[in-house]
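User: I would like a close look at the pockets of this protein and at the strands and helix around them. Please give a connected account.

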Amino acid sequence: MLILILLKIRNLNELHQAESLLFSKNTDFYPMKNLILASTSTLHQGQYLSYLLTALESLFAKANSVLFIPFARPGGISHEAYTQLARKGLTPLNKKVVGLHDFEDKVAALEEAEAIITGGGNTFVLVNTMYQYGIMETLRQQLHQGTPYLGTSAGSNLAGLTMQTTNDMPIVYPPSFKTLGMVPFNINAHYLDPQPNSTHMGETRQTRIKEFHAFNAIPVVGLREGSWIQVQEEQSKLMGPHSARIFQRDQEAFELASGDLLLL
């Protein structure tokens with residue numbers, strides 16, 4: 001597409017028109033993605049987003065304000081209370097934080113956002129609300145165009161191909177399990193390893209993911225607490241203090257070291 005357009009450019013005005021076409025919201029050509037997908041927002045005995053502040057300082061370096069998507073509502077918290085929690089967490093970065101729930105025109109709010117955070121909570125509630133407002137595709141387009149994005153927990157699940165490897169209870173029924181598809185895999189946030197000496201007889205995360213792969217071929221990244229995936233353009237890299245557990249259909253699960261690329 002780019003070559004065909006450039007061949008037809010005859011003057012500077014046409015060049016500007018071509019640039020507008022290439023980077024408009026209606027084109028399939030997108031320059032980059034710039035995402036952090038974290039397993040959690042808060043570590044044990046830590047404050048909201050505190051362990052991610054160094055990474056977020058870089059991610060949000062060019063943004064004066066951040067649009068917060070509070071729709072996952074952890075513990076049933078109100079949208080406003082959740083936004084206030086995010087506002088407090090980002091205070092060290094001196095960013096203005098506004099909640100998407102406050103906007104009548106949510107599509108326009110997403111399109112005009114300098115940076116975006118989707119907080120954790122219940123993934124079913126989050127995805128259902130995104131579809132109710134008709135903003136799933138708008139968010140997808142904005143992220144493809146390079147708008148900086150932080151997802152935590154459910155907000156990271158939202159970035160995968162589907163939400164089907166969430167740990168959450170299905171308390172509402174979204175019209176689709178399909179999510180943003182920012183990465184070519186699904187995420188299992190808060191991943192916990194099986195404990196050989198445990199007397200608990202319930203299913204492990206590993207078992208649940210194996211059940212998923214009985215019906216689906218999508219790779220799954222078991223993302224441990226304190227770890228995150230950094231996505232830049234089409235490259236995804238594991239970051240943080242822990243390795244991740246990688247699950248693929250009909251293959252043995254394996255560990256991916258921090259700093260390694262996710263080539264799935």
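Analyst: The account below begins with the pockets and then turns to the strands and the enclosed space.

The model is predicted, and the values that follow are computed from it. The largest pocket holds about 310 Å³ of space. Its lining consists of 15 residues, and those nearest the centre of the pocket are Gln-164, Thr-166, Arg-208, Ile-209 and Glu-211. Helix α9, which spans residues 205-213, provides the largest share of this lining, with five residues. By class, the lining of the largest pocket comprises two nonpolar, eight polar and five charged residues.

Helix α9 also takes part in the second largest pocket, where four residues from α9 form the largest share of the lining. The space in this second largest pocket is about 240 Å³. Its lining is made up of Gln-206, Thr-207, Lys-210, His-213, Phe-247, Gln-248, Arg-249, Asp-250, Gln-251, Glu-252 and Ala-253. Two of the lining residues of the second largest pocket are nonpolar, five are polar and four are charged.

One of the residues lining the second largest pocket, Asp-250, belongs to the hairpin of β10 and β11, in which six residues lie between the strands. Asp-250 takes a positive phi near 60° there. The two strands of this hairpin, β10 and β11 (residues 254-256), run antiparallel and are joined by three bridges. Within that pairing, Ala-244 has Leu-256 of β11 as its bridge partner. Strand β10, residues 244-247, is also joined by three bridges to strand β7, residues 220-223, again in an antiparallel arrangement. Here Gly-222 of β7 has Arg-245 in β10 as its bridge partner. Phe-247, a lining residue of the second largest pocket, falls within the range of β10.

A separate set of strands forms an open sheet of seven, with mixed pairing and the order β3-β2-β4-β5-β1-β8-β9. At its edges stand β3 (96-99) and β9 (235-239), each of which pairs on one side only. From one strand to the next, the twist averages 20°. Strands β5 and β1 are adjacent in the order of this sheet; β1 covers residues 34-38 and β5 residues 149-152, and the two run parallel with four bridges between them. In this pairing, Ile-36 stands opposite Leu-150 in β5. In general, the strands of a sheet pair through backbone hydrogen bonds, either parallel or antiparallel.

The edge strand β3 leads to a further site, since the loop between β3 and α5 (106-112) holds His-101. The side chain of His-101 makes a polar contact with the side chain of Asp-102 at 3.4 Å. Beyond its neighbours within four places in sequence, His-101 is in contact with Pro-70, Phe-71, His-79, Glu-80, Thr-83 and Lys-106.

There remains the enclosed space. One cavity of 30 Å³ or more is counted, and the largest cavity contains about 40 Å³ of space. Its lining is formed by Gly-121, Thr-123, Ser-153, Ala-154, Asn-157, Thr-166, Asn-167, Asp-168, Ala-189 and His-190. This lining divides into two nonpolar residues, seven polar residues and one charged residue. Thr-166 lines the largest cavity and is also among the residues nearest the centre of the largest pocket.

Note on methods
Residues are numbered from 1 along each chain as its sequence is written. This is a predicted model: local features need pLDDT of at least 70, side-chain atom pairs count only at pLDDT 80 or more; totals for chains, interfaces and linings use all residues. Side-chain values use heavy atoms; hydrogens and water are left out. Two strands pair if DSSP finds at least two bridges between them. Axes are lines fitted to C-alpha atoms, for helices over the stretch in contact, and angles run from 0 to 180 degrees between N-to-C directions. On a 1 Å grid over the protein atoms alone, a cavity is a set of points where a 1.4 Å probe fits but cannot get out, and a pocket is an open set with protein on both sides within 12 Å along at least five of seven lines; lining residues have an atom within 4 Å of a point. Grid points are joined across faces, edges and corners, and a volume is the space filled by probe spheres set on the points. Ala, Val, Leu, Ile, Met, Phe, Trp, Tyr, Cys and Pro count as nonpolar, Asp, Glu, Lys and Arg as charged, and the others, Gly among them, as polar. A polar contact is a pair of N or O atoms within 3.5 Å; within protein, one must be able to donate a hydrogen and the other to accept it, and residues adjacent in sequence count only if both atoms are side-chain atoms. Contact means heavy atoms within 4.5 Å.
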